[in-house]
Amino acid sequence: MAPPPPDPQFVLRGTSAAVHTLHFSCGGPEPDIPLLFSGSENGLVHVWNLKTHRVDTALDGHGRKSVYCVETMGGKDRLLSQGRDQRICLWDLAEGRTSVTDSVFTEHVGFCRCSLLKVAQGRWLMAMAARSLEEVQILELPSKMSVCTLKPEMGAKLGMPMCLKLWQLSCGSQPVLLAGYEDGSVVLWNVSMGKVLSKLVCHQEPVMSLDFDSEKAKGISGSSEKVLSIWSLNEQQNLQVYKTHELVNAGISDITIRPDKKILATAGWDHRIRIFGWKKLKPLAVLDYHTGTAHCVSFSDHSTPQERLLAAGSKDQRISVWSIYAHT
Amino acid sequence: VCFVPGGLDCSISFVSHVLGKVCVHGRQKEILGVLVPRLTDLTKSDCIWQRICWRLVECVPDRWMEAVVLGFVQRAPGADVLSRLLGNLVVKNKKAQFVVTQKMLLLQYGHTTAVLQNLLGYLSLDSLRRTLLLRVLQELLETWSSSSALKHSPAEQQLYISKAILICLSHLKEPEIESCRQELLTSMMEGVKCHLDSSLPKLRHLGMVVAESISLKINTEGPVLKFEYEEDNETRELKSLLVQTPSFYFVPSLPDDDRSEKAGAALPLVPDGNEKSHTAAPVILDEESDAELDSDDDLIPYDMSQDKELKIKAPVYIRDCIEVLTGSRSEDLDKWEATVRALESLVRKNPAATREVSVELAKILLHLEEKTCIEGFVELRQRAQVAVLTTDPIPVAKYLTSQFYSLNYSLRQRMDILDVLVLAAQELSCPKFLGKTKHSGAQKPCIQLLPGSDSSKGWRKIVDERIKSKTRRFGVIQSHVELASHPNEFNSVAGYFFFPLIQHFDRPLTTFDLLGEDHLVLGKLVHTLAILMYLAVNTVAVTAMGKALLEFVWALRFHTDSYVRQGLLSCISSLLLSVPTEQILADMTEELLETQSWLGDVMEKDPDEDCRRLALQNLLLMENLKKKLEAVSS
């Protein structure tokens with residue numbers, strides 16, 4: 001008899017707007033409070049204190065336009081947020097400050113979340129969708145220098161980039177970018193040369209979200225249809241479909257693989273969060289708490305495994321936080 | 001017939017005379033059937049024979065020239081052959097010029113495409129004759145772009161002219177196009193306008209194809225005019241005329257290759273060496289993955305039996321539906337969709353509840369716009385409207401007919417009203433269980449959003465069956481009744497459907513003028529009245545309806561739009577079929593006699609083929625009536 005699905009450990013209320021993005025920052029040593037950053041449709045970034053379950057600060061830097069991506073850059077003192085006001089803001093949050101130190105005007109009017117990759121101490125690469133319809137620009141932060149622009153060839157008709165993931169095999173190796181596009185294909189780009197390494201058409205509808213496990217060279221992508229597609233990268237840097245999984249209801253907004261690569265979570269348009277085992281995509285749980293489309297899921301980066309959490313943000317303005325499979 | 005290649009001073013005028021006389025007596029086939037192939041062979045490489053041939057045709061007296069030239073053009077196996085045989089006859093001889101450039105192109109329209117190709121190809125093959133080609137093109141364009149020509153000439157002639165224009169265009173060279181670019185553009189704009197104005201889809205398509213082709217020729221770079229229409233054999237054939245095959249040694253068959261026309265097509269890219277593109281083809285990894293099974297077993301799945309498909313529930317009460325449809329809450333689009341889908345069945349299941357809110361519901365449905373992209377939205381809305389109308393006919397019919405003549409509705413909405421009235425009338429007048437099958441025959445008026453001549457043909461079949469059934473009334477008494485009889489619900493409401501529609505047709509509003517620009521809606525209205533008349537058979541109001549309809553038809557009988565005229569003739573048919581014979585003869589004799597003379601006129605002189613056919617049918621129906629009357633009275 002399988003046990004009934006668990007209830008959320010706690011629920012964060014108070015954003016007053018649909019939640020579009022979440023990011024944990026709990027890896028700091030003991031006196032540091034574990035934090036959860038959330039971006040909402042009213043343009044605010046809320047900093048949640050996970051001990052008190054209340055908002056510590058609200059950051060208003062996007063002129064009331066929806067914030068759809070938040071990331072920390074090496075610790076909770078530096079935050080990056082991306083909003084529909086076509087800007088990416090860099091915040092300095094150390095010692096109680098809440099100021100925008102820098103911003104990048106992307107001129108991107110879509111919803112493609114940017115992707116960060118730390119390449120050296122104090123240096124990051126950021127991939128973001130640029131002004132021109134099919135292009136992805138790679139910038140170096142904090143210098144904001146453009147490293148390259150990844151333009152698909154003429155007539156490729158990929159459409160807008162929908163989701164990005166920058167990664168490198170190991171520190172110091174070539175960074176590569178995985179991009180999911182509007183026509184349902186996932187493309188692997190070589191960033192330094194700006195060329196396409198491989199392209200795989202894995203969906204009939206736009207790719208909504210993707211995540212990649214660099215150790216196993218396997219990735220997963222979800223789209224607006226009912227199918228999850230798992231693909232792998234072989235030695236010749238070619239993408240191949242490994243497996244597909246059919247869901248009960250169509251539409252996936254977000255997919256995340258837990259840092260220990262054991263499980264993954266998907267946020268669905270049917271208000272449900274699904275948990276799968278990463279090895280063989282075995283369905284493990286369906287968390288049915290939200291009453292609106294689930295927009296984002298995120299795993300925490302706690303150093304002690306038992307404290308690990310999963311957070312999900314939804315259109316119903318609530319953030320549910322779960323402790324699931326924390327003991328494996 | 002064997003010519004002796006004699007000395008230099010041969011006189012062949014005698015032969016020309018013979019040829020001319022024979023041709024004008026109608027024996028073109030026999031003589032030219034032998035002559036043309038022989039001459040073709042002889043003139044192939046021999047210059048002398050060519051000149052002999054030219055002399056031959058030049059010497060034909062003027063009064064027989066037409067027959068000879070016509071014969072040659074029709075029989076020559078190709079434009080180049082024609083050129084060899086006739087030489088520059090068209091330039092030298094006035095009569096021949098008239099026949100070739102005016103008569104065959106503008107005054108006649110029965111020739112085949114191959115003949116057109118011959119003729120125009122012939123004109124294009126010599127520099128002296130090319131000026132004639134340009135002149136011909138100008139005149140063709142003038143005719144094509146004239147709206148009065150469009151109204152008064154049959155569709156076949158329009159097709160012929162369009163083909164001729166396209167073939168001319170295919171022969172024109174760049175510098176020539178440059179010189180007459182402005183005129184081409186002007187004619188194209190005018191022509192497209194009056195073609196698109198027409199109510200017949202065939203003419204609209206012709207206009208679109210020709211305009212696209214002209215635009216293609218004059219704008220070799222830059223955006224080209226492109227219409228959206230369904231390709232059928234005719235349009236494909238027309239488009240293929242734009243491309244000329246280079247080899248002239250056989251009758252130019254129409255090449256089917258319009259790929260060359262698509263100048264801006266995206267070419268498939270040659271993939272780069274490094275990149276490969278795969279479509280989803282699952283690759284099954286080998287056994288090694290199974291060894292990693294163990295670590296997955298640590299994770300025990302939870303109970304997932306509750307994970308089912310999300311279904312949005314539609315409201316169960318009519319008033320809830322109204323709330324959802326008028327609600328301003330834009331978030332609940334799923335519910336809105338579900339409501340739209342469920343509305344028709346809800347209305348039919350709850351007639352009492354529907355009657356309480358029928359007019360309101362009708363109003364909401366008339367103004368309902370598509371909020372999300374539902375498949376078959378238009379049909380769903382229409383079915384819901386029909387359901388409401390049949391559940392509570394009188395108030396809703398009053399509402400709809402009053403709205404038909406109100407301000408600020410789009411043409412689409414007015415035509416929707418007419419469609420709904422027709423469908424509801426059909427449903428009300430037919431017995432319930434025959435509903436499904438009988439609808440299919442006349443279903444076309446509803447799905448067809450733009451009126452084509454199909455809708456009148458669709459129910460014409462039913463009318464014809466009716467005529468047949470009427471003449472066989474004698475042995476039909478069957479021992480077993482297959483269908484239980486059912487009171488005709490249309491009886492009590494026919495008047496409410498019919499009379500308001502006919503009332504205000506001559507009163508123009510600021511946004512709606514039936515007798516003016518909106519003749520498309522007038523055509524649809526007339527067809528609707530015909531169907532309503534037909535369905536009103538055996539109702540009490542039928543005689544009054546018949547009289548009103550007859551007056552209406554009389555007022556409009558000279559309308560210029562052929563679709564309207566077809567509708568008027570259908571009205572007469574319905575009238576003759578539905579109104580009982582005794583009533584017709586009692587009340588409407590003089591009007592019918594006048595109508596009969598009008599019908600005779602239409603049958604002989606109307607340019608539209610369908611109108612002539614319908615007029616003939618009406619006259620036959622009238623004859624039947626007369627005979628029946630004589631049979632009864634004797």
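Q: Why is A:Ser320 counted as buried?
A: In this predicted model, local features need pLDDT of at least 70 and side-chain atom pairs count only at pLDDT 80 or more, while totals for chains, interfaces and linings use all residues. Residues are numbered from 1 along each chain as its sequence is written, chains are lettered from A and ligands numbered from 1 in the order in which they are written, and side-chain values use heavy atoms, with hydrogens and water left out. Buried means under 20% relative accessible area, exposed over 50%, and partly exposed in between, with a 1.4 Å probe and protein chains only. A:Ser320 has a relative accessibility of 0% and therefore counts as buried.

Q: Which residues surround A:Ser320?
A: A:Ser320 lies in strand E28 (residues 319-322) of chain A. Contact means heavy atoms within 4.5 Å. Leaving aside neighbours within four places in sequence, A:Ser320 is in contact with A:Pro8, A:Phe10, A:Tyr289, A:His290, A:Leu310, A:Ala311 and A:Ala312.

Q: What makes the pairing of the side chains of A:Ser320 and A:His290 a polar contact?
A: A polar contact is a pair of N or O atoms within 3.5 Å; within protein, one must be able to donate a hydrogen and the other to accept it, and residues adjacent in sequence count only if both atoms are side-chain atoms. The side chains of A:Ser320 and A:His290 are joined at 2.8 Å, which is within the 3.5 Å limit. The side chain of A:Ser320 also makes a polar contact with that of A:Trp322, at 2.9 Å.

Q: Why is A:Glu246 called exposed?
A: The relative accessible area of A:Glu246 is 58%, which is over the limit for exposed residues. A:Glu246 belongs to strand E21 (residues 239-246) of chain A. Not counting residues up to four places away in sequence, A:Glu246 touches A:Lys226 and A:Val227.

Q: What makes strand E2 of chain A mostly covered?
A: In strand E2 (residues 19-25) of chain A, 7 of its 7 residues are buried.

Q: How do you know that E2(A) is joined to strand E3 of chain A?
A: Strands (E, at least two residues) and helices (H or I, at least four) are DSSP runs, numbered from the N terminus. Two strands pair if DSSP finds at least two bridges between them. E2(A) and strand E3 (residues 35-40) of chain A run antiparallel and are joined by 6 bridges, so the requirement of at least two is met. Within this pair, A:Phe24 has A:Leu36 in E3(A) as its bridge partner.

Q: What makes E10 and E13 edge strands of their sheet in chain A?
A: The open sheet comprises 4 strands in the order E10-E11-E12-E13 (chain A), with antiparallel pairing. Strand E10 (115-120) and strand E13 (145-150) of chain A each pair on one side only. Strand E12 (residues 136-141) of chain A is joined to E13(A) by 5 bridges, and the bridge partner of A:Glu140 in E13(A) is A:Met145.

Q: Why is H21(B) called oblique to H22(B)?
A: The axes of helix H21 (residues 377-391) and helix H22 (residues 393-404) of chain B come within 6 Å and cross at roughly 125°. Axes are lines fitted to C-alpha atoms, for helices over the stretch in contact, and angles run from 0 to 180 degrees between N-to-C directions. Angles under 35 degrees count as roughly parallel, over 145 as roughly antiparallel, 65 to 115 as roughly perpendicular and the rest as oblique. The crossing thus makes H21(B) oblique to H22(B).
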